[in-house]
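Q: I'd like to learn how to read helix packing and pockets in a model like this one. Could you walk me through it?

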Amino acid sequence: MRTTIYDEIGGAPAVTVVVDAFYERLVADPDLTSYFAGRDMARLKAHQRALVTVALGGTSEQYNGRMMHPAHAGLSITDAAFDKVLDHLLAVLTAAGVPPVTSAKILAILQPLRSDVVQPSLTAAR
Ligand code: HEM
């Protein structure tokens, strides 16, 4: 039987722990407040779950790379913010006991989405 990354990290219970811890870290980071503050908590948790799902390769057609660009349009997400989000994910994976080799695979899945998530601000483009 093929082992997925999802299985490797401990399945659904581990994912829930990771998503909750990830959410806490993102909303508490002053550098990311401008992106996440004031947004609906349930939607944000759904965001973090979607992100972790993509990362684990458990993507549905709904969460593929092609929809990443429209989902993040107008949010002016910088390279630095993208890096910070990934750093927080790495920290929570490590704290959850995910082995470094598995975390590296997870981050390698997310890195190619950078060009769709990081978009120049609409005003700066004028
Ligand atoms: C690396 C991979 C990422 C993935 C896979 C991802 C995934 C998604 C998805 C699927 C949505 C649409 C969710 C929805 O419509 O409910 C979304 C929206 C959003 N994303 Fe991401 N995201 C990523 C990175 C980031 C980063 C780096 C930031 C900010 C620093 C960010 C901030 C947001 C915000 C603010 C929304 C809108 C949420 C809302 O409408 O309330 N995302 N993302």
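**Helix packing, then the pocket**

A: Let's start with one pair of helices. Helix H2 (residues 11–28) packs against H4 at an angle of about 120°, and their axes are 9 Å apart. Keep in mind that this is a predicted model.

Q: What does that angle make H2 relative to H4, oblique or roughly perpendicular?

A: The general idea is that 65 to 115 degrees counts as roughly perpendicular, under 35 as roughly parallel and over 145 as roughly antiparallel, with the rest called oblique. Here H2 is therefore oblique to H4. As for handedness, H2 passes H4 in a right-handed crossing.

Q: Which residues make that contact?

A: Contact means heavy atoms within 4.5 Å. On the H2 side you'll find Val15, Thr16, Val18, Val19, Asp20, Phe22, Tyr23, Leu26 and Val27, while H4 brings Met41, Leu44, Lys45, Gln48, Arg49, Leu51 and Val52. Sorted by class, the contact of H2 with H4 has eleven nonpolar, two polar and three charged residues.

Q: How do H2 and H6 cross?

A: Read the distance and the angle together. The axes of H2 and H6 come within 9 Å and cross at roughly 135°, so these two helices are oblique to each other. Their crossing is right-handed. Val18, Ala21, Phe22, Arg25 and Leu26 of H2 touch Val85, His88, Leu89, Ala91, Val92 and Leu93 of H6. That contact of H2 with H6 has nine nonpolar, one polar and one charged residues.

Q: And where does helix H7 (residues 100–110) come in?

A: Look at H4 again: its axis and that of H7 come within 8 Å and cross at roughly 105°. That makes H4 roughly perpendicular to H7. Leu51, Val54 and Ala55 in H4 meet Ile106, Ile109 and Leu110 in H7. By class, the contact of H4 with H7 splits into six nonpolar, no polar and no charged residues.

Q: Now the pocket. How much space lies in the largest pocket, and how many residues line it?

A: For a pocket, read the volume, then the lining. The largest pocket holds about 750 Å³ of space. Its lining has 26 residues, with Phe36, His47, Ala71, His72 and Leu75 lying nearest the centre.

Q: Which helices supply the lining of the largest pocket?

A: Helix H3 (33–36), helix H4 (41–55), helix H5 (68–72) and helix H6 (79–95) each give at least two residues to the lining. The largest share, seven residues, comes from H4.

Q: What is the lining of the largest pocket like by class?

A: Sort it just as we sorted the contacts. The lining of the largest pocket has 21 nonpolar, two polar and three charged residues.

Technical notes
Residues numbered from 1 in each chain as written. Predicted model: local features only at pLDDT ≥ 70, side-chain atom pairs only at ≥ 80, totals over all residues. Heavy atoms only, no water. 1 Å grid on protein atoms, 1.4 Å probe; cavity = no way out; pocket = protein on both sides within 12 Å on 5 of 7 lines; lining within 4 Å. Points joined across faces, edges and corners; volume = space filled by probe spheres on them. Helix = DSSP H or I, 4+ residues; strand = E, 2+ residues; numbered from the N terminus. Nonpolar A, V, L, I, M, F, W, Y, C, P; charged D, E, K, R; others polar. Axes fitted to C-alpha atoms, helices over the stretch in contact; angles between N-to-C directions. Left-handed = near helix turned anticlockwise from the far one by under 90°.
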